[in-house]
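Me: I'd like a close look at one pocket in this model, the one around the smaller-numbered details I keep losing track of: ligand 2. Could you walk me through who sits around it, and then show me how that spot connects to the rest?

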Amino acid sequence: MTMLKDPSQKYRPFTPVALPDRTWPDKVIDKAPIWLSTDLRDGNQSLIEPMDAEKKMAFFKCLVAVGLKEIEVGFPSASQTDFDFVRELIEGGHIPDDVTIQVLTQARDDLIERTFESLKGAKRAIVHYYNACAPSFRRIVFGQDKAGVKAIAVAAGQTIVRLAAERPETQWGFEYSPEVFSSTETDFAVEVCNAVIAVFAPTPANKLILNLPATIECATPNNYADQIEWFGRHIDRRDSVLISVHTHNDRGTGVAASELAVMAGADRVEGCLFGNGERTGNVCLVTLALNLYTQGVDPELDFSDIDAVRKTVEECNQLPVHPRHPYVGDLVHTAFSGSHQDAIRKGFAQQKPDALWEVPYLPIDPADIGRDYEAVIRVNSQSGKGGIAFLLEQEYGISLPRRMQIEFSQVVQRETDRLGLEMSAAQIHALLEQEYLQAKSPYALVSHKLREEDGTSTVDIKVAVEGRTEHWHGTAKGPLEALVASLPQAVEIMDYHEHSIGAGANAKAASYIEVRLEGQRPLHGIGIDENITTASFRALLSALNRAVTQAQAKAA
Ligand SMILES: CC(=O)SCCNC(=O)CCNC(=O)[C@H](O)C(C)(C)COP(=O)(O)OP(=O)(O)OC[C@H]1O[C@@H](n2cnc3c(N)ncnc32)[C@H](O)[C@@H]1OP(=O)(O)O
Ligand SMILES: CC(C)C(=O)C(=O)O
């Protein structure tokens, strides 16, 4: 095989539609479009193993629970599984009154007849048919010119109208897709669709759905929006037509293409949950819906328990959702990096329950989609003091004072660098215990007695020192000063903080003390106890023990 010197010369650039007076860039999406899920059709046809009846039913129920009102349930003329599934939905009474099922067929009479057979007895159904209209498909797939391809659409439409008229017990809706619309000359797509409109004779009360797929995404999303606006301006009976869009993600811009298309006048959006679908997938309906949500627009779909939806979808599709997938991925509400964690922690502290959402780096409140805050901040070697403090606060009610956060973050940093791994809240807490709460050498508090008279505190303290018991005694203005006075060496208290952990009978006191031994850098200690004085004594001994140990290590 001879290779081209420059393979990019193999590809034809996209030819945009001329629309210099486009209006869509100034539009804002202020209401939800009509949504159609094609998970059970476009999604299903792209799976390694298409869903069986059980999986299809579980998925259908999930879509209904999410609030989808139009659901493409299959391609009944393609397989017995799809045919039987449509029968089961109808005969088993599984379709709620406010939900309409839709099925797809090629524009071929035998397949259309089989499609109608599958829908027997349905209260309401949309028959969706398609044929490709783009130049290469006309030539390669159909071996037809423009007139031939238009004739396929018209003839199939006529068959559908006839078969529907023979089954008046069903309330019929119709959808036509000029497949590969985005690669079709837009004026030719309008010509074919106008011919189809003439066949179906839609009215404002009984609209025809014209679905304009970016079957293969082939240009930047603004070009697709231009095509949609152009189409909307030129199509006959605009008031009797619903313009639907169906984008794929070949260039990675399926979401943008759908959003710009809605700005350009599309009424309806087809897609799949979490972006399953042919090749790089259909547009993700969850992303589109939650994008609206973050703009203050009700998406009319319920993702308040997004992880339950994801679980069902993953089980049915047998495909995992990417950890970075918008809104739902395992990592999308998680900050590892220090500056993000710092801002998020401050944001949470300042966020009022009923105020507009303003927590930095979190475009959505994870709680709104059923996520807890546990995963928001995770600590590794890229993290800073804010994230560590956040985890200790959230999980253990421990609020380290600022200077202590700085000191302890260095301890955590050493550990994450050593391990090269993430540290969980429990591991960080264990490190805190080991470093501060278990700092009991050389001095371990055994018991203490405190007397307070005439503004003077006197402390008698029993301490275990390297296997021996020592008794210390001190008097001063307050209990902590009395303890300092009792110590066998001079200690300067630099800083002191305390707070309670929990409430009621189980409440505990946490004390944080920063001390300095002569000639040493200041160090912290922590004490936690039911009794606030005991907590402060433990904190002081913890700080002293750390300072003595470090001084000894330095001297050695
Ligand atoms: C973009 C999309 O996602 S479109 C939906 C695609 N989904 C699927 O194809 C899944 C289900 N499909 C199937 O199970 C099968 O393709 C069937 C049952 C529909 C048809 O199977 P077959 O009869 O074996 O035909 P096959 O799939 O090979 O289709 C090719 C024939 O259909 C014609 N054809 C293709 N699309 C269409 C169409 N939309 N309308 C009319 N004819 C079409 C082709 O020109 C070709 O005709 P030829 O044999 O005369 O050259
Ligand atoms: C049948 C059509 C709507 C389709 O799936 C596509 O073009 O991607």
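Reply: Here's a walk around that site, followed by its neighbour and a few other spots in the chain.

First, some ground rules: this is a predicted model, where local features need pLDDT of at least 70, side-chain atom pairs count only at pLDDT 80 or more, and totals for chains, interfaces and linings use all residues. Residues are numbered from 1 along each chain as its sequence is written, chains are lettered from A and ligands numbered from 1 in the order in which they are written, and side-chain values use heavy atoms, with hydrogens and water left out.

How sure is the predictor? The protein chain has an average pLDDT (confidence in each residue, from 0 to 100) of 96, and 99% of the residues reach at least 70. For the complex, the predictor reports an ipTM of 0.97 and a pTM of 0.89.

Now to your ligand. Which residues surround ligand 2? Going along the chain, you meet Arg41, Asp42, Leu104, His128, Tyr130, Ser177, Glu179, Asn211, Pro213, Thr215, His246 and His248. Being around a ligand here means having a heavy atom within 4 Å of it. Sorted by class, that's three nonpolar, six polar and three charged residues. In this sorting, Ala, Val, Leu, Ile, Met, Phe, Trp, Tyr, Cys and Pro are nonpolar, Asp, Glu, Lys and Arg are charged, and the others, Gly among them, are polar.

Where in the fold do they come from? Helix H1 (39-45) and strands E4 (124-132), E5 (171-179) and E6 (208-214) each bring at least two residues to the shell around ligand 2. Those labels are DSSP runs counted from the N terminus: helices are H or I with at least four residues, strands are E with at least two.

Three side chains come up to oxygen atoms of ligand 2. Arg41 has a polar side-chain atom 2.8 Å from one, Asp42 has one at 3.1 Å, and His246 does too, at 3.1 Å. These are polar contacts (N or O pairs within 3.5 Å; within protein, one atom must be able to donate a hydrogen and the other to accept it, and residues adjacent in sequence count only if both atoms are side-chain atoms). On its own, ligand 2 would expose 260 Å², and the protein buries 94% of that. Accessible areas come from the Shrake-Rupley method with a 1.4 Å probe, and for residues only the protein chains shown count as cover.

Next comes ligand 1. Tyr130, from the ring around ligand 2, turns up again: with Gln45, Ala78, Ala107 and Arg108, Tyr130 comes nearest among the 16 residues around ligand 1. H1 and E4 help here as well, along with strand E3 (100-106) and helix H5 (135-142), each giving at least two residues to this shell. H1 gives the most, with three. The class split is eight nonpolar, four polar and four charged.

Oxygen atoms of ligand 1 lie 2.7 Å from a side-chain N or O of Gln45 and 2.9 Å from one of Arg108. A nitrogen atom of ligand 1 sits 3.5 Å from a side-chain N or O of Gln106. The protein covers 57% of the 1,000 Å² that ligand 1 has accessible on its own.

Away from the ligands, helix H10 (residues 285-293) is mostly covered, with eight of its nine residues buried. Buried means under 20% relative accessible area, exposed means over 50%, and partly exposed is in between (1.4 Å probe, protein chains only). The cover includes strand E1 (34-37), helix H9 (254-263), strand E8 (268-271) and helix H11 (306-317).

Asn380 is in the loop between helix H12 (338-350) and helix H13 (385-396). Is Asn380 buried or exposed? Asn380 is buried, with a relative accessible area of 19%. Its side chain reaches the backbone nitrogen of Gln382 at 2.8 Å. Not counting residues up to four places away in sequence, Asn380 also touches Phe336, Thr416, Leu421 and Glu422, where contact means heavy atoms within 4.5 Å.

Lastly, some backbone oddities. Most residues other than glycine have a negative phi, and most peptide bonds are trans. Ala201, however, has a positive phi of about 45 degrees, and Ala201 is partly exposed at 43%. Phi of Arg237 is also positive, near 45 degrees, in the loop between helix H8 (221-234) and strand E7 (241-247). Ser441 and Pro442 are joined by a cis peptide bond, with omega about 5 degrees.

Note on methods
pLDDT = per-residue confidence, 0-100.
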